[in-house]
Amino acid sequence: MNSMIVSLSCLMAGAAAAPYYAAAPYAAAGYGAYPYAPAAAYDPSVAYSNLYPLAEPYVDVQIPAEPYVDAQIEAEAYVHEEIPAEPYVDVQVAAVDEQIAAEPYVDVQIAAEPYVDAQI
């Protein structure tokens with residue numbers, strides 16, 4: 001119950017202190033200062049985001065179309081040619097089984113360097 005009374009009193013105090021003219025913000029200026037400043041008044045990034053380039057006027061330019069020229073171009077005659085295929089040559093290459101010896105394994109044990117904790 002107490003929270004409802006507090007919330008209602010806050011609403012009444014806010015409404016009495018700053019009237020809100022949501023339907024006609026420009027008409028409200030005649031009856032007193034508009035209580036809510038636009039976002040650009042306190043945030044410069046909003047002001048820069050609302051800057052739009054000026055619109056360029058539309059210029060209607062009527063460019064006449066080129067006249068259509070009907071050109072009937074004769075197609076080339078079809079010439080059928082039988083081109084013989086190249087003969088298939090079967091070449092059997094003998095496989096070479098050449099064994100390459102593996103390199104000998106070299107085991108090299110390198111001593112580890114001592115750990116130095118240098119905090120820079």
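How much accessible surface does the protein have, and what percentage of that surface belongs to carbon and sulfur atoms? The accessible surface comes to about 13,100 Å², with 61% belonging to carbon and sulfur atoms; areas were computed by the Shrake-Rupley method with a 1.4 Å probe, and for residues only the protein chains shown count as cover.

The structure is a predicted model, in which local features need pLDDT of at least 70 and side-chain atom pairs count only at pLDDT 80 or more, while totals for chains, interfaces and linings use all residues. Residues are numbered from 1 along each chain as its sequence is written, and side-chain values use heavy atoms, with hydrogens and water left out.

The confidence of the predictor in each residue is given by pLDDT, on a scale from 0 to 100. Its mean over the protein is 75, and 62% of the residues reach 70 or more. Two stretches stay under 50: residues 17-21, with 8 contacts beyond four places in sequence, and residues 27-32, with 3 such contacts. A contact here means heavy atoms within 4.5 Å.

The secondary structure consists of 2 helices and 0 strands, taken as DSSP runs numbered from the N terminus (helices: H or I, at least four residues; strands: E, at least two). Of the 120 residues, 1% are buried, where buried means under 20% relative accessible area, exposed over 50%, and partly exposed in between (1.4 Å probe, protein chains only).

The segment after helix H2 (44-49) contains Val59, which counts as exposed because its relative accessibility is 60%. Val59 joins Val61 and Ile63 in a nonpolar surface patch with about 340 Å² of accessible area together. Such a patch requires residues with over 30% relative accessible area and no salt bridge, with nonpolar side chains (Val, Leu, Ile, Met, Phe, Trp, Tyr) joined within 5 Å and like charges within 9 Å; a salt bridge places a side-chain nitrogen of Lys or Arg within 4 Å of a carboxyl oxygen of Asp or Glu.

Gln62 also lies in the segment after H2 and is exposed, with a relative accessible area of 66%.
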